[in-house]
Amino acid sequence: MVHFVGAGPGAPDLITLRGAALLEKADQVIYTGSLVNAALLERCREDSRILNSASMTLEAVIDAIREAEKKGQTTVRLHTGDPSVYGAIREQMDRLDALGIRYDVTPGVSSFCAAAAALFAEYTLPGISQTVILTRMEGRTPVPERERLADLARHGSSMAVFLSAGMLPALQEELLKGAYVRETPAALVYKASWPEEKCIRCTVGTLAVSAAENGIDRTALVLVGDFLSGAYERSCLYDPVFTTGYRKGENSA
Ligand code: SAH
């Protein structure tokens with residue numbers, strides 16, 4: 001049996017209870033060494049086989065899983081954040097389907113959630129934005145034409161840009177082709193929830209220079225949108241005059 005597990009954004013106590021329990025029992029752990037905090041591996045059994053997938057191909061990962069399966073052993077495939085976001089798990093699941101190997105998935109705290117926590121921010125502020133776009137700049141992995149950043153930026157919604165900290169001059173230009181202006185608030189969150197976390201508040205127009213000044217070119221999220229400014233409307237849900245399925249509003253019949 002294979003368990004895909006979200007490791008969370010970095011802090012070792014941000015893995016889920018279920019993920020931690022699976023990690024503690026696993027015969028074999030294949031972790032994404034480039035981003036998963038190695039401190040999590042302290043939970044593994046002393047006799048567990050631990051492999052770092054950073055130096056492995058998909059084929060090598062699947063081979064290691066097959067070897068464990070032959071011995072009736074369990075594998076935890078430990079992915080950073082939540083495995084469904086840039087985790088490359090679909091291709092692994094398809095290979096496992098073809099081999100008749102069973103698996104399940106345990107979600108994790110994605111880095112875009114940890115970044116908001118670090119900034120005390122809320123992506124979905126009433127009157128500001130009710131949409132979060134998770135995206136990336138095109139790198140060696142192509143992005144479909146219809147999802148060009150300049151097009152997504154037309155919405156002016158809250159946005160979290162992954163995998164793009166090394167391309168900030170280009171990112172900035174793309175964002176400015178949409179609804180954002182140079183003064184639109186932005187932030188760089190480097191290694192959210194790690195001891196070396198850095199939060200840099202800036203604007204769309206100063207993203208590139210802020211990253212350069214702080215030596216940030218990887219393992220960072222770029223957050224963009226007016227949710228990072230002070231303005232918003234209060235929520236209807238907790239408004240005294242608003243009636244919900246759980247609470248009758250003041251002055252309502
Ligand atoms: N599955 C992961 C994302 C993997 S893609 C998740 O849910 O978070 C790798 C990218 O995620 C990095 O380039 C960076 O943009 C972002 N990232 C991952 N961990 C991060 C962290 N702790 N702080 C800031 N960004 C992080």
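**View 1. Polar contacts between the ligand and Pro9, Ser110 and Ala192**. In this predicted model, a backbone N or O atom of Pro9 lies 2.9 Å from a nitrogen atom of the ligand, a polar contact in the sense of a pair of N or O atoms within 3.5 Å. Another nitrogen-based pairing involves Ala192, where a polar backbone atom is 2.8 Å from a nitrogen atom of the ligand, whereas Ser110 uses an N or O atom of its side chain, placed 2.8 Å from an oxygen atom of the ligand. Of the 540 Å² of accessible area that the ligand has on its own, the protein covers 95%, as calculated by the Shrake-Rupley method with a 1.4 Å probe.

**View 2. The shell around the ligand**. Among the 18 residues around the ligand, those that come nearest are Val85, Ser110, Ser111, Ala192 and Ala220, where a residue is near if one of its heavy atoms lies within 4 Å. Sorted by class, this shell holds 11 nonpolar, 5 polar and 2 charged residues, with Gly counted as polar and Pro as nonpolar.

**View 3. The ligand between two domains**. The chain is divided into domain 1 (2–106) and domain 2 (111–228), with bounds from an automatic or database domain assignment. Because both domains give residues to the shell, the ligand lies between them. Their C-alpha centres lie 28 Å apart, and the contact takes 9 residues from domain 1 and 11 residues from domain 2, contact meaning heavy atoms within 4.5 Å.

Residues are numbered from 1 along each chain as its sequence is written, and side-chain values use heavy atoms, without hydrogens or water. Local features need pLDDT of at least 70 and side-chain atom pairs count only at pLDDT 80 or more, while totals for chains, interfaces and linings use all residues.

Terms used:
Polar contact = N/O pair within 3.5 Å; in protein donor to acceptor, adjacent residues only side chain to side chain.
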